[in-house]
Amino acid sequence: MKVILLDTNHPLLLHGLVDLGFEVDEAYKLSKTEVKKIIHEYDGIIIRSRFPLDKNFLKKALNLKFIGRVGAGLENIDVDFAREQGIRLFNAPEGNRNAVGEHTLGLILNLFNKICSADKEVHSGIWRREENRGVELDGKTVGIIGYGNMGKAFAKKLRGFEVEVLAYDIKENVGDEFARQVSLNELFEKADILSLHVPQTELTRKMINTDFIGRFHKNFWLINTARGSVVDTAALVQALKSGKIIGAGLDVLEYEKSSFENMFENNNLPIDFQELMLLPNVIVTPHVAGWTQESKKKLAQVILDKIRMFVTGK
């Protein structure tokens with residue numbers, strides 16, 4: 001069988017596919033149009049995020065048996081059409097969940113202790129102690145929405161803190177020793193911190209809007225290492241200005257493109273984003289929560305293992 005690699009990955013994936021008996025072609029520089037002309041020759045596709053695999057593209061993939069997405073989400077693939085065509089889909093949330101958990105905790109500790117802003121001040125020759133007095137995580141209630149691979153990994157990272165961890169998920173019975181599953185109403189009532197770990201779906205798109213934010217009983221901190229589309233940026237900016245949201249740690253932004261390329265290329269940045277960047281109580285990282293040296297290898301290994309099980313019938 002033939003596999004086409006559309007993005008570079010850890011070399012163990014390519015070598016592992018060869019060891020499984022695949023003929024592997026590397027197509028890192030071919031355009032989507034060029035790939036579309038030859039995709040009928042392939043049984044498998046390996047992709048990260050270079051371009052969307054939409055219905056029109058998949059219609060040309062007449063022999064396709066599987067797609068391996070070296071990442072957690074599948075939003076850049078027309079999942080429904082792929083499944084209708086009998087194409088198996090493999091993603092790898094197991095590969096970067098630990099990295100996401102660590103990054104999420106890092107954003108919280110950064111916000112609470114004003115590390116980024118204090119660092120900038122010191123580098124500018126400003127030495128202010130009282131203005132940079134921090135807040136401790138112990139004693140807080142952490143609310144997690146989305147208690148799958150990422151949410152659970154983050155909850156595990158909180159074990160060393162004296163915090164109450166609450167989890168809300170549309171699936172039942174996902175709570176464990178690290179988080180107690182609760183209703184949304186209980187989360188609204190108790191949470192001091194809200195951390196998002198949901199996929200991008202029609203249910204989650206702009207889920208965090210003015211109405212949702214207003215249902216929290218306390219002022220709270222917001223952390224988003226999930227998908228940018230989950231948060232309505234205009235509503236977030238207003239909540240930050242009013243103090244309803246005390247601070248925000250964002251690894252993802254509403255304005256990211258579906259294939260995660262550089263959102264600054266056209267320099268035509270939305271007004272809400274420009275306002276967000278002027279707020280001192282906001283930390284933004286460039287969609288790197290799951291992007292570590294270790295996760296690069298683990299993501300590749302997870303996809304390879306799933307393909308191996310598929311082709312061996314296990």
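Reader: Which strands does helix α12 lie across, and at what angle to β5 does helix α12 run?

Author: In this predicted model, helix α12, which spans residues 293-312, lies across β3, β4 and β5, and its direction runs at about 155° to that of β5.

Reader: In what order do the strands of that open sheet come, and what is the pairing?

Author: One reads such a sheet from one side to the other, strand by strand. Here five strands follow the order β2-β1-β3-β4-β5, with parallel pairing. The edges are β2 (23-26) and β5 (88-90), each of which pairs on one side only, and neighbouring strands are turned by 15° against each other on average, with direction ignored.

Reader: How many bridges join β3 to β4, and which residue is the partner of Gly 44?

Author: Strand β3 (residues 44-47) and strand β4 (residues 66-69) run parallel and are joined by four bridges; Gly 44 has Phe 66 as its bridge partner in β4.

Reader: Which strands does helix α1 touch?

Author: Helix α1 (residues 11-19) packs on the sheet and touches β1 (2-5), β2 and β3, while its direction makes about 150° with that of β2.

Reader: Turning to a single side chain, is Lys 140 buried or exposed, and what is the nearest side chain of opposite charge?

Author: For a charged residue, one looks at burial and at salt bridges together. Lys 140, in the loop between α6 (115-123) and β6 (141-145), is buried yet has no salt bridge, and the nearest side chain of opposite charge, Asp 192, is 6.5 Å away. As a salt bridge requires a nitrogen-to-oxygen separation within 4 Å, that pair does not count as one. Beyond its neighbours within four places in sequence, Lys 140 is in contact with residues including Phe 112, Val 135, Glu 162 and Asp 192.

Technical notes:
Residues numbered from 1 in each chain as written. Predicted model: local features only at pLDDT ≥ 70, side-chain atom pairs only at ≥ 80, totals over all residues. Heavy atoms only, no water. Pairing = 2+ DSSP bridges. Helix = DSSP H or I, 4+ residues; strand = E, 2+ residues; numbered from the N terminus. Axes fitted to C-alpha atoms, helices over the stretch in contact; angles between N-to-C directions. Contact = heavy atoms within 4.5 Å. Buried < 20%, exposed > 50% of the residue type's maximum accessible area, 1.4 Å probe, protein only. Lys, Arg positive; Asp, Glu negative; His and termini not counted.
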